[in-house]
Amino acid sequence: MSAQSTAQRADAKERTPIAGEAFLRALSDHGIDYLFANPGTDFPPIVEAYSRAKISNHKVPTPLVIPHENLAVAMAHGAYAMTGKPQCVMLHVNVGTANAINNIINLNRDNIPLILAAGRTPISEKGKFGGRNRYIHWGQEMFDQAGMLREAVKWDYEMRTPEQAADIVSRAHEVMMTSPKGPVYLSLPREPLAGTLSEPVGEVKPRAVPAAPYPDLTLIAKLAEWIAGAEKPLIICTQSGSAAMAPLGRLAEKYAIPVVTQRQRVVCLPSDHPMHMGYDPQGLIQEADVVIVMEADVPYIPNEQHPRPDCKFASVGEDPAYKRYPMRSFPCDLSITATAASAMEALEQALAKHSIPEARITARLTRAAEFNRKRKEALDKAAALPPGDKITFPYLSRLVGECVGDDAVIFNEYSLIQEQISRTKPDTFYGLSAAGGLGWGFGAALGAKLMAPEKLVVATLGDGAYMFSNPMVGHWVSDVHKLPILTIIFNNSLYGAVRGATMSMFKDGVAGQDGGKFLADLSPSPAFEAAVIAQGGHGERVEKASELPAALARARDVVVKEKRQALLNVVCPP
């Protein structure tokens, strides 16, 4: 060791520790491996703390500079998806917080645990270390900075003294990891964050988190009775997740219960399971006599689909009442608070006590097989090679699935048609949250690649979603942090959601005369492929169906073999 290094270490030991050091150490002790940072004038204590850690070798999260807040939060979401470990993003005061709120709302609806930390304008105007010394320190102060996002987080707190640095992390972790999980917010003024501590920074032992809810077995027994006596039971799930896949699959197969993974945001059941009935309850919800709604916030659309008046509904989930949804009026005759996995395992045991006539099981199987036969015929027809070499969303979706394979991890922001791809393994598909905040998929894919570098990670995005994702920043992050992903843009030069909503209401009105394109038209479309090329990646524009298979293979191979990012701008005329 050089004399200079020895002197630096000695100097580091003599320095009085600051709260920023304790904050970073506490994050690391709570299992947070990365700090997704979009820094500003509030970050000097964090910069100093990291600089000291280089000398002292104290345990701290690896810092990543992410030049846009929305992208940073999306990356944290993707990182959690791959690891199940909580994440942390730190941003610049109120303006950074404002840029992040869109994806914080997404995290809220998907129950993703994240510490969103932001500096706060220095409190003191003079005479205190860390106080205001920049022009913007007056204009950026708010009366209630956390008020901007309080409805979208489980808990928020502003640090008041340096001694709180570790405790606020412990409390944030405890709250965000308690069922149902969700994001929390910390505001960190410069003065306490830069304040000195009277004790050395030491290890922080995380507090135990309350156990996830286990189902009431009396209610499970009642649900088992309903299923045993039903002619046409149905399970609808959206976010039941990988832990519930095996018991759900066994239950559905043994008792011939159709499962619809309505607008699934994670893989709930292998797509090739014989009782997987697709992604829309149309044709089943109208005939069902018992429906189990499992971690499904919107099991069907009441304006369009009408269950039988005598149908019994059971709601199962960590928050089956969806208390954070201001208005939600779906029928519920039995409500069971539990994780999806524990509920399915308990239901398996309860149903084993019932003897269900073989003829009833056979009838269920026959109906399911016929339903799936018709469904798959329609899907095959929709995905056929289009006439005139025109690329359609179904055709592109099917080819994407065939190209990337079952092991790839797909982050889909609207455009990829789930019915057209095979997803048989857990944790290989993630969809945009129920909140629908655009600009999520690209960043989430980058975060997943960070945590799972060995996997092929794919972002399938509409052209509008891609533009919302701060693409130049995303491609920069991909290049600088060595996170090669495959991005496929379903480019129809439209905001599909806007057009679809207009046509659903005014198809026969004046707005429908131009196909609902007004205020949804995004033409002329930019050369999206040029953005990735500018950052050293591979980019192609594809306009002909006949050229699509080879283009997909080339882009995939660039990512897998050359370890470079790739983007396909696939033109799909509306």
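Trainee: How far apart do the centres of the positive and negative side chains of the protein chain lie?
Mentor: Keep in mind that this is a predicted model. Counting side chains, the protein chain has 59 positive and 61 negative ones. Take the centre of each set, and the distance between the two comes out at 1 Å.

Trainee: Does the radius of gyration of the protein chain agree or disagree with that of a compact globule, and why?
Mentor: Start from the length, 574 residues, for which a compact globule would come out near 25 Å. The C-alpha atoms fill a box of roughly 80 × 60 × 55 Å along the principal axes. The protein chain itself has a radius of gyration of 26 Å, so the two values agree.

Trainee: How many helices and strands does the protein chain have, then?
Mentor: Both kinds of element are there in the protein chain. Going through them gives 19 helices and 17 strands.

Trainee: What share of the contacts with a separation of 6 or more joins residues 24 or more positions apart?
Mentor: Here you set aside pairs with a separation below 6 and look at what is left in the protein chain. Of those contacts, the part that comes from residues 24 or more positions apart is 75%.

Trainee: What percentage of the residues counts as buried?
Mentor: Let's look at the outside before the inside. The accessible surface comes to about 24,500 Å², and carbon and sulfur atoms hold 55% of that. As for the residues, there are 574 in the protein chain, and the part that counts as buried is 56%.

Trainee: Which helix gives the largest share of the largest nonpolar core?
Mentor: That core has 111 residues, and those with the most contacts inside it include Phe36, Leu116, Val291 and Phe411. Its largest share is 10 residues, covering part of the stretch 69–83, and that stretch is helix α4.

Trainee: How many residues are in the second, separate core?
Mentor: Ala19, Ile46, Met159 and Ala166 are among its members. This core is separate from the one with Leu116, and its count is 34 residues.

Trainee: Which residues does Leu116 touch, leaving out those up to four places away in sequence?
Mentor: Leu116 is among the residues with the most contacts inside the largest core. Once you drop its sequence neighbours up to four places away, the list reads Val73, Val89, Leu91, Ala100, Ile104, Leu149, Val184, Tyr185 and Leu186.

Trainee: Is Trp155 buried or exposed?
Mentor: Trp155 sits in the loop between α6 and β5. Beyond four places in sequence, it touches Ile168, Arg171, Ala172, Val175, Pro183, Val184, Tyr185 and Leu186. The cut-off for this call is under 20% relative accessible area. Trp155 has 16% relative accessibility, so it counts as buried.

Trainee: Is Ser124 buried or exposed?
Mentor: Ser124 is another loop residue, placed between β4 and α6. Gly131, Arg132 and Glu191 are what it touches, apart from residues up to four places away. With a relative accessible area of 13%, Ser124 is buried.

Trainee: Which residue joins Ser179 through a cis peptide bond?
Mentor: Look in the loop between α7 and β6, where Pro180 lies. Omega is about -15° for this bond, and the partner of Ser179 is Pro180.

Trainee: What is omega for the cis peptide bond of Ser523 and Pro524?
Mentor: Pro524 also lies in a loop, the one between α17 and α18. For the bond that joins Ser523 to Pro524, omega is about -5°.

Trainee: What is phi of Val93 near?
Mentor: Val93 belongs to helix α5, residues 93–110. At 2% relative accessibility, Val93 counts as buried. Its phi is positive in a residue other than glycine, with a value near 30°.

Trainee: And what is phi of Glu295?
Mentor: You'll find Glu295 in the loop between β9 and β10. Glu295 is buried too, with a relative accessible area of 12%. Although Glu295 is not a glycine, its phi is positive, about 45°.

Trainee: Last one: what is the relative accessible area of Pro67?
Mentor: Pro67 is placed in the loop between β2 and α4. Beyond four places in sequence, it touches Asn38, Val473, Trp476 and Val477. Pro67 counts as partly exposed, and its relative accessible area is 37%.

How values were computed:
Residues numbered from 1 in each chain as written. Predicted model: local features only at pLDDT ≥ 70, side-chain atom pairs only at ≥ 80, totals over all residues. Heavy atoms only, no water. Helix = DSSP H or I, 4+ residues; strand = E, 2+ residues; numbered from the N terminus. Rg over C-alpha atoms; globule rule 2.2 N^0.38 Å. Buried < 20%, exposed > 50% of the residue type's maximum accessible area, 1.4 Å probe, protein only. Contact = heavy atoms within 4.5 Å. Areas by Shrake-Rupley, 256 points an atom, 1.4 Å probe, with all protein chains shown as cover. Lys, Arg positive; Asp, Glu negative; His and termini not counted. Charge placed at Lys NZ, Arg CZ, Asp CG, Glu CD. Core = buried A, V, L, I, M, F, W, Y, C linked by side-chain atoms within 4.5 Å.
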